[in-house]
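Below is a short report on one protein model. Have the sequence and the coordinates open while reading.

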Amino acid sequence: MTGGQLISVHPEELTFQFELEKQCYCDLKVVNNTEFHVAFKVKTTSPRKYFVRPNTGIIQPWDNCVITVTLQAQREYPPDMQCKDKFLLQSTKVPPNLDVDEIQPEIFNKDGDKIIEECKLRVVYTLPAHSTHGNSETDSLITTSMLRSSKHSSEVSTHGSGYDEVQALQRVKEERDFVVQQTKQLQTELETMKRRRNPRVDASFSLMFTACVALIGIMVGLLLNLTLSSPPAE
């Protein structure tokens, strides 16, 4: 139990049994330790995350009040199941005839001789017994070990992959050089064949031309001989 001269609060911290997609609840018992009427107000660092009822109220002398804090349904687990949310419960003496609806924020301002007590509460998350979300130290060590092993394997795989890539590039370079060399050799052979083949073509053309001319000459000679040797007409 924690608190001051005006009130006492139990428990000393807000403990929620955390489950995904489900609301969680925690009750605070606030006890008035005085003969005066005491007003209280609950504040939190994460107002959108929690629902507090009642968040303000007045406790009769020597009486108590139960405050229910609801953690809204969450979609994911917090890192390492640690919560940094905080709650602040302020309390102060008020007149006996003051109604709850008449409580204004200014009542909890620290001014003059007014006594404002503040009780700070931290938030703790726990897991239900059937939860499969590991939260023990052993699970943490196992997870860390697995991550390290995975990282080492990844590094080895990366180095191996780099070596294979170098070998593949070397093979490609050798094949490229071989193809270039073969291409140059083929070009040389083609040039040589062209140079060897052209004179033959020219010589064959000359022989054919000479034969044609000779044949024409023979035919012309035969025609002349036939013309000259034929008898004259009477």
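The report covers the sheet, the nonpolar cores, a buried glutamine, the salt bridges, the backbone and the cysteines.

## Basis

This is a predicted model. Local features are reported only at pLDDT of at least 70.

## The open sheet

Five strands make up an open sheet. Their order is 1-2-4-8-6, and they pair in antiparallel fashion. Strand 1 (2–3) and strand 6 sit at the edges, each with pairing on one side only.

Inside that order, strand 4 (residues 24–32) runs antiparallel to strand 8. Eight bridges join the two. In this pairing, Cys26 stands opposite Val69 of strand 8.

## Nonpolar cores

In soluble globular proteins, nonpolar side chains tend to be buried together. Here the largest nonpolar core holds 29 residues. Phe16, Tyr50, Ile67, Phe87, Leu89 and Tyr125 have the most contacts inside it. Many elements feed this core: strands 2, 3, 4, 5 (37–44), 6, 8, 9 and 10 each give two or more residues. A second core is separate and has six residues, among them Ile58, Val94, Ile103 and Ile107.

Phe87 shows how the large core is connected. Setting aside residues up to four places away in sequence, Phe87 touches Leu14, Val42, Lys43, Thr44, Tyr50, Val52, Val69, Cys119, Lys120, Leu121 and Val123. One of these partners, Tyr50, is also on the list of residues with the most contacts in the core. Another, Val69, is the residue opposite Cys26.

## A buried glutamine

Gln90 belongs to strand 9. The residue is polar, yet its relative accessible area is 5%, so it counts as buried. What do its side-chain atoms meet there? One polar contact, of 3.4 Å, goes to the side chain of Lys43. Another, of 3.0 Å, goes to the side chain of Glu118.

The wider surroundings of Gln90 are Ala39, Phe40, Lys41, Lys43, Phe108, Glu117 and Glu118, again leaving out residues up to four places away in sequence. Lys43 is thus listed as touching both Gln90 and Phe87.

## Salt bridges

The model has five salt bridges. One joins the side chains of Glu13 and Arg122, with 3.0 Å from N to O. Glu13 lies in the loop between strand 2 and strand 3, and Arg122 in strand 10 (residues 117–126), so this pair ties together parts 109 residues apart in sequence. Glu13 is partly exposed at 25% relative accessibility. Arg122 is partly exposed too, at 47%.

Among the others, Glu19 and Lys22 meet at 3.5 Å, N to O. Lys22 is partly exposed, with a relative accessible area of 45%. Asp111 and Lys114 form another bridge, at 3.7 Å, N to O. Asp111 is partly exposed at 42%, as is Lys114 at 34%.

## Backbone exceptions

Most residues other than glycine have a negative phi, and most peptide bonds are trans. Where does this model depart from that? A cis peptide bond links His10 to Pro11, with omega about 0°. Pro11 sits in the loop between strand 2 (7–10) and strand 3 (14–17). A cis bond also links Arg53 to Pro54, with omega about -10°. Pro54 sits in the loop between strand 6 (50–53) and strand 7 (56–59).

Positive phi values occur at Trp62, near 60°, and at Asp80, near 55°. Trp62 is in the loop between strand 7 and strand 8 (64–71). Asp80 is in the loop between strand 8 and strand 9 (86–94). Are these residues buried or exposed? Trp62 is exposed, at 60% relative accessible area. Asp80 is exposed as well, at 69%.

## Cysteines

A disulfide is a covalent bond between the sulfur atoms of two cysteines. How many disulfides does the structure hold? The count is zero. Cys24 is buried, with a relative accessible area of 4%. Cys26 is also buried, at 8% relative accessibility.

Methods
Residues are numbered from 1 along each chain as its sequence is written. This is a predicted model: local features need pLDDT of at least 70, side-chain atom pairs count only at pLDDT 80 or more; totals for chains, interfaces and linings use all residues. Side-chain values use heavy atoms; hydrogens and water are left out. A disulfide is a pair of cysteine sulfur atoms within 2.5 Å. Buried means under 20% relative accessible area, exposed over 50%, partly exposed in between (1.4 Å probe, protein chains only). Helices (H or I, at least four residues) and strands (E, at least two) are DSSP runs, numbered from the N terminus. Two strands pair if DSSP finds at least two bridges between them. A salt bridge is a side-chain nitrogen of Lys or Arg within 4 Å of a carboxyl oxygen of Asp or Glu. A nonpolar core is a set of buried Ala, Val, Leu, Ile, Met, Phe, Trp, Tyr and Cys residues joined through side-chain atoms within 4.5 Å. Contact means heavy atoms within 4.5 Å. A polar contact is a pair of N or O atoms within 3.5 Å; within protein, one must be able to donate a hydrogen and the other to accept it, and residues adjacent in sequence count only if both atoms are side-chain atoms.
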